[in-house]
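Reader: I'd like a close look at one part of this protein rather than a tour of everything. Could you start from a single residue and work outwards from there?

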Amino acid sequence: MGTPKIVTPWLLTCPETKDKIRLFCLPYAGGGAFVYREWMKAFSDDVGVYPIQLPGRENRITEPPLCEMGKLVDAISEAIIPYLQRPFIFFGHSMGARIAFELARSLRRKRKPQPCCLIVSGSRAPHIPEPKPLHHLPDDEFVKELRRFSGIPEAILQSRELMEFFIPILRADFTVDETYVYSEDMPLDCPIVAFGGTEDIEANREEIEAWIHHTSCDFMLEMMEGDHFFLQMRRELLLHSVSQIISQQLKLSL
């Protein structure tokens, strides 16, 4: 096999013509597209999995990160519009869920194809603001508060050299997420499926259930054992549920 053709830095690989449905995945704050690199193994060959890579991390480490939701969403939408000729689903965890939501609304405003389903994970509904913002804190306080998310290994948090590298990326992402202001608009015309962690202090069940207000179609909530990063702790269970959603949407698209 040759090296996958890359047509935009926002995608790790070029979408393939054999895809019957496409899953675009948005990362959490501080995360990159590589967190989803194993997901394609969980689905059939006609399901294309395309993690979206934000600037400032992994293979885009030399690029400055973006700090505004609007600019980020506009850039992503322009990059993926050429690949929306197949049925597609957006998946986003935490910050990625709100990016995915705004991405769907941006495509609607541009009269472009809409996702057949929006899957949100570990995220308060978009109209519920962050109660305890971090992005403005001094570095030492910022790092201290990061421990509550349990997604960054303690060895990294204690390494001054590594944190000097990661702090600008993390601060940019938290700025995107925490300065985001929801604006009223019509609910999405696609179903929303929400996943939450039973021990997640960042997004409790009630805050996740509130996503129901943002769709005119079906809404489903599934809670999984774990904290904010059940995405990793319960990956097999989550992927099983996502696989069922994809299969259902494939049947509906036939």
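Author: Sure. Let's start with Asp177, which lies in helix α5. Keep in mind that this is a predicted model, and every value below is computed from it.

So, is Asp177 buried or exposed? With a relative accessibility of 12%, Asp177 counts as buried, because the cut-off for that is under 20%. If you skip the neighbours within four places in sequence, Asp177 is in contact with Met95 and Arg98. Arg98 is the partner to zoom in on: its side chain makes a polar contact with the side chain of Asp177, at 2.6 Å.

Now look at things from the arginine's end. Arg98 sits in helix α2, which covers residues 95–109. Arg98 is buried as well, with a relative accessibility of 4%. Setting aside residues up to four places away in sequence, Arg98 touches Met69, Ser123, Arg124, Asp177 and Tyr180.

Back to helix α5, then. This helix spans residues 160–178, and it packs against helix α3, residues 139–146. Their axes are 11 Å apart and the angle is about 75°. That angle falls in the window from 65 to 115 degrees, so α3 and α5 are roughly perpendicular to each other. Which residues do the touching? On the α3 side they are Asp139, Phe142, Val143 and Leu146, and on the α5 side they are Met163, Ile167, Leu170, Arg171 and Phe174. Sort the residues of this contact by type and you get seven nonpolar, two charged and no polar.

Phe174 leads us to the next stop, since it is also one of the residues in contact with Thr179. Thr179 is in the loop between α5 and β5, the latter being residues 192–197. At 40% relative accessible area, Thr179 is partly exposed. The side chain of Thr179 reaches the backbone oxygen of Thr175 at 2.4 Å. Besides Phe174, the contacts of Thr179 beyond four places in sequence are Cys67 and His135. There is a through-space pairing to note too: Thr179 and Pro129 are 50 residues apart in sequence, while their C-alpha atoms are 8.8 Å apart.

With a cysteine in that contact list, you may be wondering about disulfides. How many does the structure hold? Zero. Cys116, for instance, is in no disulfide, and the nearest cysteine sulfur, that of Cys117, is 6.5 Å away. Cys190 has Cys117 as its closest cysteine by sulfur position too, but the separation is 6.3 Å, too far for a bond, because a disulfide needs the sulfur atoms within 2.5 Å. Cys190 is buried, with a relative accessible area of 3%.

A couple of backbone details are handy if you plan to look at torsions. Arg111, in the loop between α2 and β4 (117–121), has a phi near 60°, a positive value in a residue other than glycine. Arg111 is exposed at 78% relative accessible area. Glu58 is another non-glycine residue with a positive phi, near 50°. Glu58 is found in the loop between β2 (47–51) and α1 (69–80), and counts as partly exposed at 31% relative accessibility.

Ile52 is found in that β2–α1 loop as well. Ile52 is buried, with a relative accessible area of 0%. Leaving out neighbours within four places in sequence, the residues in contact with Ile52 are Trp10, Leu11, Phe24, Cys25, Leu26, Pro27, Ala33, Ile76 and Ile80. One of these, Phe24, is 28 residues from Ile52 in sequence and 6.6 Å away from C-alpha to C-alpha.

Last stop: Lys18, which lies in the segment before β1 (21–26). Lys18 is partly exposed at 45% relative accessibility. Its contacts, again beyond four places in sequence, are Asp45 and Asp46. For a sense of span, the C-alpha atoms of Lys18 and Leu221 are separated by 31 Å, with their positions 203 residues apart along the chain.

To come back to where we began: the piece to keep in view is the side-chain polar contact between Asp177 and Arg98, with Asp177 in α5 and Arg98 in α2.

Key
Residues are numbered from 1 along each chain as its sequence is written. This is a predicted model: local features need pLDDT of at least 70, side-chain atom pairs count only at pLDDT 80 or more; totals for chains, interfaces and linings use all residues. Side-chain values use heavy atoms; hydrogens and water are left out. Helices (H or I, at least four residues) and strands (E, at least two) are DSSP runs, numbered from the N terminus. Buried means under 20% relative accessible area, exposed over 50%, partly exposed in between (1.4 Å probe, protein chains only). A polar contact is a pair of N or O atoms within 3.5 Å; within protein, one must be able to donate a hydrogen and the other to accept it, and residues adjacent in sequence count only if both atoms are side-chain atoms. Contact means heavy atoms within 4.5 Å. Axes are lines fitted to C-alpha atoms, for helices over the stretch in contact, and angles run from 0 to 180 degrees between N-to-C directions. Angles under 35 degrees count as roughly parallel, over 145 as roughly antiparallel, 65 to 115 as roughly perpendicular and the rest as oblique. Ala, Val, Leu, Ile, Met, Phe, Trp, Tyr, Cys and Pro count as nonpolar, Asp, Glu, Lys and Arg as charged, and the others, Gly among them, as polar.
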